[in-house]
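Work through the exercises below with the model open. Try each task before reading its solution.

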Amino acid sequence: MTAPIPPIPKDIPDLPSIPGMPATQPSRVPATAVVTPVRRPLVAAYRLLIALAAAAAVTVDLWLGSPGRLLSHFTIQSEILLAVVLTLQARRAWTARHPLPSSWTGATLLYVTIAGAVYHLLLTGAASPFSMTGTPPTGWQWTANQILHTAIPAAVLLDWLLLTPPGRLHLRQTAVWMLYPLAYLAFSLARGELLPPDTPTRYLYPFLDVGTHGYRDVLADALLLGLAFCALAALLVAVDHTRPDLIRHRGKTGFRL
């Protein structure tokens with residue numbers, strides 16, 4: 001006869017952990033291993049077209065005017081940044097790679113929108129106290145102005161609303177986005193101080209003209225504009241988290257070995 005099997009105790013004490021043994025970390029599966037990458041040639045072509053239009057308009061402006069002065073404009077600098085970012089975005093859409101970080105694309109979207117809004121509301125608006133009343137541009141210069149301040153901002157907004165997944169922008173990014181306008185303010189004031197007082201383009205924008213308005217009024221205007229830019233950035237983030245996803249792909253997904 002065999003001996004009876006002793007009953008298994010209900011309470012088994014936990015075994016002590018082996019010293020020096022690292023705890024296992026949860027593994028993160030990249031999105032490309034779950035969802036098959038999708039090439040978007042039409043999106044790539046659209047973004048490349050915007051980048052080429054911005055580059056062409058900037059080139060025309062530099063060709064017809066003073067390159068040193070024009071490169072100091074906020075619009076020209078933001079359009080150059082936009083052309084670079086959209087070219088990289090177009091390449092990634094063409095090769096089915098992950099898009100650029102939203103901090104980059106959100107910043108360029110904000111800067112181009114600021115350039116267009118300031119141009120139409122402050123610099124050319126009839127009711128604006130800072131309206132530039134000089135000789136209006138004509139010919140190629142007028143065409144370049146309209147492309148830079150009207151067509152490009154509208155095209156970038158459409159790309160963001162229709163061709164970009166929502167929910168990528170975050171409120172914490174807006175503080176970093178404000179660093180460039182703040183640096184541009186410091187650059188513009190320093191440039192005006194270094195140039196001779198009789199230089200016609202000593203201050204590039206009427207609301208930054210210290211010679212006419214003084215530092216007190218200029219800094220007050222800069223503060224109001226800064227608050228408006230912060231509100232615009234927050235509005236873009238809010239819209240990004242409430243707009244529908246128009247590019248969701250309803251395809252089969254699965255792990256790829």
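Five exercises follow, each with a worked solution.

**Exercise 1. Confidence and fold**

Task: State how far the model can be trusted, then give its secondary structure.

Solution. Start with confidence. This is a predicted model. The average pLDDT is 85, and 81% of the residues score at least 70. Next, find the weak stretch. Residues 249–257 have a pLDDT below 50. That stretch has 12 contacts in the model beyond near neighbours in sequence. Where pLDDT is low, the predicted coordinates should not be read in detail. Now count elements. The protein has 9 helices and 0 strands. Then look at the whole chain. Of its 257 residues, 33% are buried. Take the contacts with a separation of 6 or more: 75% of them join residues 24 or more positions apart.

**Exercise 2. The nonpolar cores**

Task: Find which residues have the most contacts inside the largest nonpolar core, and which elements build that core.

Solution. The largest nonpolar core has 42 residues. Inside it, L110, W177, Y205 and F207 have the most contacts. Now assign elements. Helices α2 (41–64), α4 (74–94), α5 (102–123), α6 (139–163), α8 (179–194) and α9 each give two or more residues. The top contributor is α5, with 11 residues. Do not merge in the second core. That one is separate, has 5 residues, and includes A57, V58, I76 and A144. Finally, take W177 as a case. Beyond four places in sequence, W177 contacts S102, S103, G106, A107, L110, Y111, L169, A233 and V237.

**Exercise 3. Aromatic pairs**

Task: Classify the F74–Y180 and Y184–Y205 pairs, and place each in the chain.

Solution. The structure holds 7 aromatic pairs. Take F74 and Y180. Their ring centres are 5.1 Å apart, with 20° between the planes. Planes under 30 degrees apart count as stacked, so this pair is stacked. F74 is in helix α4 and Y180 in helix α8, 106 residues apart. Check exposure next. F74 has a relative accessible area of 9%, so F74 is buried. Y180 is at 22%, so Y180 is partly exposed.

Take Y184 and Y205. Their centres are 6.4 Å apart, with 65° between the planes. Planes over 60 degrees apart count as edge-to-face, so this pair is edge-to-face. Y184 lies in helix α8, and Y205 in the loop between α8 and α9, so the pair ties together parts 21 residues apart in sequence. Both residues are buried. Last, gather the rings: F74, Y111, Y180, Y184, F187, Y205 and F207 form one aromatic cluster.

**Exercise 4. A buried acid**

Task: Where is D221, and which side chain of opposite charge is nearest?

Solution. D221 sits in helix α9 (residues 210–242). D221 is buried and has no salt bridge. The nearest side chain of opposite charge is R216, 10 Å away. A salt bridge needs 4 Å, so R216 does not qualify. Then list contacts. Beyond four places in sequence, D221 touches F130 and F207.

**Exercise 5. A loop arginine**

Task: Is R168 buried or exposed, or in between, and what does R168 touch?

Solution. Locate R168 first: the loop between α6 and α7 (174–177). Its relative accessible area is 35%, so R168 is partly exposed. Leaving out residues up to four places away in sequence, R168 touches P99, S102, Q173 and D240. Now check a long-range distance. R168 and S103 are 65 residues apart along the chain, and their C-alpha atoms are separated by 8.7 Å.

How values were computed:
Residues are numbered from 1 along each chain as its sequence is written. This is a predicted model: local features need pLDDT of at least 70, side-chain atom pairs count only at pLDDT 80 or more; totals for chains, interfaces and linings use all residues. Side-chain values use heavy atoms; hydrogens and water are left out. pLDDT is the predictor's confidence in each residue, from 0 to 100. Contact means heavy atoms within 4.5 Å. Helices (H or I, at least four residues) and strands (E, at least two) are DSSP runs, numbered from the N terminus. Buried means under 20% relative accessible area, exposed over 50%, partly exposed in between (1.4 Å probe, protein chains only). Lys and Arg count as positive and Asp and Glu as negative; His and the chain ends are not counted. A nonpolar core is a set of buried Ala, Val, Leu, Ile, Met, Phe, Trp, Tyr and Cys residues joined through side-chain atoms within 4.5 Å. Rings of Phe, Tyr and Trp (its six-membered ring) pair if their centres lie within 6.5 Å; planes under 30 degrees apart count as stacked, over 60 as edge-to-face and the rest as tilted.
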